[in-house]
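Reader: Please take me slowly through one part of this model, with the residues that make its contacts named one by one. I would like a connected account that I can follow with the structure open beside me.

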Amino acid sequence: MFHALNMPYYLGLDSSTQSLTAIIIDADERRVVFESSLAFDEALPQYGTDHGVLPRSAPDVALSSPVMWADALDQMMGRVAASGLDLPRLAAISGSAQQHGSVYLNASASAALASLDPAQPLGGQIAPLLSRAVSPIWMDSSTAEECAEITSATGGAERLSRHTGSRAFERFTGPQIRKFYKGEPEAYHATARIHLVSSFLASLLAGRDAPVDPGDGSGMNLMDLATGDWWSPAVEGTAPGLASKLPAVRPAFSIAGTLSPYWQQRHRLPAAQVITWSGDNPCSLIGTGLVREGRVAISLGTSDVIFGLMREPRVDATGTGHVFGAPTGDFMGLTVFKNGSIARERVRDMFGMSWPEFSHALDATPPGNIGRIFLPWFEPEITPPVSTPGVHRYGLAEGDAPGHVRGVVEAQLMALARHSRWMGVEVDTIYATGGASANVQILQVMADVFGADVYRFEVGNSAALGAALRAWHGERHAAGAPIPWDDVVSGFAEPVGARRLRSRGALHDVYIDLMRVHAACEAHALGNGPDPTPWVQELAARSQELGGW
Ligand code: XUL
């Protein structure tokens with residue numbers, strides 16, 4: 001057993017909106033040896049959060065508690081210590097955190113983090129180090145005014161997105177910092193360091209100021225994608241004196257420090273290396289094995305999301321997509337569609353169907369829907385931007401239930417394909433995740449629309465797994481024995497059951513035609529183009545002539 005005794009373990013943590021998860025992997029045996037999750041509301045009820053969010057003072061304000069995150073980390077490390085694993089084998093720890101959230105530390109923090117009392121819980125020792133008791137998180141949308149101010153200070157949305165990867169977004173850290181500076185100038189001036197959730201938690205583990213990685217750094221509207229460092233016009237345009245308050249930006253695989261004496265003494269953990277943390281989306285990129293260009297993930301959840309690795313930092317000229325740094329040193333594109341399951345459910349309910357009836361209707365209708373298009377903007381849409389919700393029908397009768405079912409699924413998948421073209425990625429493989437990915441009929445439409453192979457992927461804790469894999473990669477990199485990313489993810493982040501849905505070439509051609517019509521319908525519905533009805537009718541006639549496509 002000499003061999004097994006020496007094989008290292010790697011710990012990945014994921015501090016998400018609602019919970020803290022830990023995964024330990026045995027890299028040699030390619031298996032997860034420990035997995036545990038703690039929901040903030042239940043494990044730490046004294047903070048009074050609802051799904052991880054403090055009681056809201058206004059509908060557009062979303063705050064959480066950094067002290068609660070620290071207490072959760074303390075509890076979770078206690079669980080790791082009690083896992084029964086041979087913990088001297090723990091070689092490195094990394095982490096993932098909800099993106100965009102920020103933590104404000106005062107001037108005493110830096111020294112205090114290095115000399116925490118191991119006899120005391122963590123939270124109570126962190127509270128006095130904060131210059132702001134709460135953290136704004138990604139669900140906050142109260143900074144429209146600050147977004148406009150930063151956009152104008154940096155020379156416009158196009159320039160801001162070209163440099164930072166995104167136009168100004170309310171939840172991004174820069175606009176949130178500006179709001180704090182304007183609303184609480186004294187507390188802002190008493191702030192010595194502004195961390196992201198990721199770099200804050202890494203600092204707690206290392207007992208010193210940890211860097212931000214380019215992945216999480218690009219969710220701030222402050223970092224220049226091209227240089228992987230702060231972009232002065234944005235830093236200066238956000239708040240005075242901000243440059244000195246920001247942590248350093250370092251590659252995701254760099255070492256933030258060693259697990260501090262606090263953890264070694266309090267939980268009898270070894271002096272493991274702490275690898276720089278990142279955001280949940282960059283960590284999920286690794287945790288779902290998206291380590292080469294051409295492989296993307298589509299999550300069919302409440303919202304639909306497409307994301308994948310990009311070798312180049314191409315940005316979305318329409319301003320709806322985001323570019324983040326990837327933990328591999330490359331980039332990742334991400335586009336969100338708000339009307340995901342929301343719209344599929346609304347169509348199902350409109351016609352009083354069950355999910356099996358919905359699937360049957362999809363099966364019973366021809367691919368291409370005889371040219372009929374349904375734009376399902378039941379809720380305000382992010383991609384394309386639609387502020388006034390409403391559905392639009394082209395060639396589709398209001399009472400046509402099966403036509404609506406196929407219409408909503410095809411429109412969503414064509415929107416996913418068309419509005420992710422800015423990534424400049426030739427998609428050959430799609431990992432489908434999320435609730436609706438259980439529906440094989442939907443996955444077949446996905447394969448035909450994209451002209452790509454589709455696999456169902458069980459994500460589980462993909463961000464925590466991605467963090468554990470990054471811990472392994474970072475530790476080996478530092479040891480001078482780097483492991484290629486394909487090897488890092490192999491055996492860990494792979495599709496389940498390996499059921500593949502192949503694109504059917506002739507049908508992909510149908511969708512290439514239909515996507516042009518879909519684009520014309522979208523432009524018309526948004527008031528930017530002529531009525532495409534004649535085109536829709538022409539397609540319908542052609543489809544009838546051929547007896548379907
Ligand atoms: C990404 C985003 C969320 C958060 C929380 O831009 O806001 O995905 O990272 O998960």
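Author: Contact, as the word is used below, means heavy atoms within 4.5 Å. The model is a predicted one, and every value that follows is computed from it.

A single residue shows how the word is applied. Tyr-47 lies in the loop that runs between helix 2 (40-43) and strand 4 (63-64). When its neighbours within four places in sequence are set aside, Tyr-47 is in contact with Leu-54, Ser-65, Val-67, Met-68 and Asp-71. One of these partners, Val-67, is 20 residues from Tyr-47 in sequence, and the two are 9.0 Å apart in space when taken from C-alpha to C-alpha.

The part to look at closely is helix 17, and its packing can be followed with the same definition. Two packed helices are described by the angle between their axes and by the distance between those axes. Helix 17, which covers residues 401-418, packs with helix 18, residues 440-450, at an angle of about 45°, and the axes of the pair are 10 Å apart. That angle makes helix 17 oblique to helix 18, and the crossing in which helix 17 passes helix 18 is right-handed. On the side of helix 17 the contact is made by Arg-406, Val-409, Glu-410, Leu-413, Met-414, Leu-416 and Ala-417, while helix 18 contributes Ile-442, Val-445, Met-446, Val-449 and Phe-450. Sorted by character, the residues of this contact come to 10 nonpolar, no polar and 2 charged.

Helix 17 also packs with helix 15 (residues 341-350), at an angle of about 175° and with the axes 10 Å apart. Angles over 145 degrees count as roughly antiparallel, and helix 15 and helix 17 are therefore roughly antiparallel to each other. Here the contact is made by Ala-343, Arg-344, Val-347 and Met-350 of helix 15, together with His-404, Val-405, Val-408 and Gln-412 of helix 17. The residues of the contact between helix 15 and helix 17 divide into 5 nonpolar, 2 polar and 1 charged.

Helix 17 takes part in a salt bridge as well. Side chains of opposite charge can pair when their charged atoms come close. Arg-418 forms a salt bridge with Glu-522, and the closest N and O atoms of the pair are 3.5 Å apart. Because Glu-522 lies in helix 21 (residues 505-525) and Arg-418 in helix 17, the pair ties together parts that are 104 residues apart in sequence. Arg-418 is buried, and Glu-522 is buried too.

This pair can be set beside others, since a search of the whole structure finds 22 salt bridges. Among them, Arg-311 and Asp-330 meet through their side chains at 2.9 Å, N to O. Arg-311 lies in the loop between strand 15 (304-310) and strand 16 (322-325), and Asp-330 in the loop between strand 16 and strand 17 (331-337), so this salt bridge ties together parts that are 19 residues apart in sequence. Arg-311 counts as partly exposed, at 40% relative accessibility, whereas Asp-330 is buried, with a relative accessible area of 15%.

Another salt bridge joins Asp-453 to Arg-500, with 2.9 Å between the closest N and O atoms. Asp-453 lies in strand 21 (residues 453-456) and Arg-500 in strand 22 (residues 500-501), so the parts that the pair ties together are 47 residues apart in sequence. Arg-500, at 36% relative accessibility, counts as partly exposed.

Methods: Residues are numbered from 1 along each chain as its sequence is written. This is a predicted model: local features need pLDDT of at least 70, side-chain atom pairs count only at pLDDT 80 or more; totals for chains, interfaces and linings use all residues. Side-chain values use heavy atoms; hydrogens and water are left out. Axes are lines fitted to C-alpha atoms, for helices over the stretch in contact, and angles run from 0 to 180 degrees between N-to-C directions. Helices (H or I, at least four residues) and strands (E, at least two) are DSSP runs, numbered from the N terminus. Angles under 35 degrees count as roughly parallel, over 145 as roughly antiparallel, 65 to 115 as roughly perpendicular and the rest as oblique. A crossing is left-handed if the near helix is turned anticlockwise from the far one by less than a right angle, and right-handed if clockwise. Ala, Val, Leu, Ile, Met, Phe, Trp, Tyr, Cys and Pro count as nonpolar, Asp, Glu, Lys and Arg as charged, and the others, Gly among them, as polar. A salt bridge is a side-chain nitrogen of Lys or Arg within 4 Å of a carboxyl oxygen of Asp or Glu. Buried means under 20% relative accessible area, exposed over 50%, partly exposed in between (1.4 Å probe, protein chains only).
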